[in-house]
Protein chains: 2
Amino acid sequence: MKNRLKVLRAERDWTQAQLAQQLEVSRQTVNAIEKGKFDPSLPLAFKVARLFELSIEEIFQDETTA
Amino acid sequence: MKNRLKVLRAERDWTQAQLAQQLEVSRQTVNAIEKGKFDPSLPLAFKVARLFELSIEEIFQDETTA
DNA sequence: ACAAAAAGTCAAGTATATTTTACAAAAAGA
DNA sequence: TCTTTTTGTAAAATATACTTGACTTTTTGT
């Protein structure tokens, strides 16, 4: 799952720690999601979308071919 | 997390088992999600959205106030 | 160059999503 | 009513998301 977190964060000049705090998750979680280590849960994806005022689809891109 | 799965399924006259098969998950998973027992993973939410040709937001509604 | 801040990573633990098997309850069809 | 299909549910096992704590590497600022 690709995502635009890094860019969205950069546009706002936020650190991973600051983003994590707003999402109420750990900094490591933000880092892991940004680096594609795992996908966020659906509730967290909604929280991210709400924070950036974008749709989930505008932030996370599914890459499954099937 | 509320969702419109039951209605979307009814509109297409699909059983939970048929939907599960198309999503490549177990029937119990479809049932549990429909009944709100747990939220789907983000990849599964994307798969559901793709199947119904709707956005994730049109199918799943976040209910967190915060 | 140096110091501080930010980002990356790892291990171990907890929480939640999903599977399989099995059975009970409800709905649908004859 | 009887039978079949569908739905609901539960327990136990596995997979993945997420946490905390700690440490290293990279970036930023002076």
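Of the interface residues of chain B, 100% are also interface residues in chain A, so the copies meet through the same surface. This is a predicted model, in which local features need pLDDT of at least 70 and side-chain atom pairs count only at pLDDT 80 or more, while totals for chains, interfaces and linings use all residues. Residues are numbered from 1 along each chain as its sequence is written, chains are lettered from A and ligands numbered from 1 in the order in which they are written, and side-chain values use heavy atoms, with hydrogens and water left out.

**How the two protein chains meet**

Between the two chains, 16 residues of chain B are in contact with 16 residues of chain A, where contact means heavy atoms within 4.5 Å. The size of an interface is often given as the accessible area lost when the parts come together. Here the area buried between chain B and chain A is about 1,400 Å², and carbon and sulfur atoms give 62% of that area; buried area is the accessible area (1.4 Å probe) that two parts lose on being put together, summed over both.

The count of salt bridges between chain B and chain A is 0, a salt bridge being a side-chain nitrogen of Lys or Arg within 4 Å of a carboxyl oxygen of Asp or Glu. There are, however, 4 residue pairs in polar contact between chain B and chain A, both residues being at pLDDT 80 or more. A polar contact is a pair of N or O atoms within 3.5 Å; within protein, one must be able to donate a hydrogen and the other to accept it, and residues adjacent in sequence count only if both atoms are side-chain atoms.

On the side of chain B that touches chain A, the elements that give two or more residues are helix H4 (42-52) and helix H5 (56-59) of chain B, and the largest share, 5 residues, comes from H4(B). Helices (H or I, at least four residues) are DSSP runs, numbered from the N terminus.

**Symmetry of the pair**

Chain B is superposed on chain A by a rotation of 180° with 0.0 Å of shift along its axis, at an RMSD of 0.0 Å, the fit being made by least squares on the C-alpha atoms of residues with pLDDT of at least 70 in both copies. The two copies are thus related as by a two-fold rotation axis. In chain B, the C-alpha nearest this axis belongs to Leu42(B), 2.4 Å away.

**The DNA strands**

Around DNA strand C there are 20 residues, of which Gln16(A), Arg27(A), Gln28(B), Thr29(B) and Phe38(B) come nearest; a residue is near a strand if one of its heavy atoms lies within 4 Å of it. Sugar and phosphate account for 64% of the atoms of DNA strand C that come within 4 Å of the protein. H3(B) gives the most to the surface near DNA strand C, with 4 residues.

DNA strand D also has 20 residues around it, and Thr29(A), Phe38(A), Ser41(A), Arg27(B) and Asn31(B) come nearest. For this strand, 59% of the atoms within 4 Å of the protein belong to sugar or phosphate and the rest to bases. H3(A) gives the most to the surface near DNA strand D, with 4 residues.

The table sets out side-chain distances to phosphate oxygens.

| Residue | DNA strand | Distance to a phosphate oxygen |
|---|---|---|
| Arg9(A) | C | 2.8 Å |
| Gln16(A) | C | 2.6 Å |
| Ser41(B) | C | 2.8 Å |
| Ser26(A) | D | 2.8 Å |
| Thr29(A) | D | 2.3 Å |

A base is reached as well: an N or O atom in the side chain of Arg27(B) is 2.7 Å from a base oxygen of DNA strand D.
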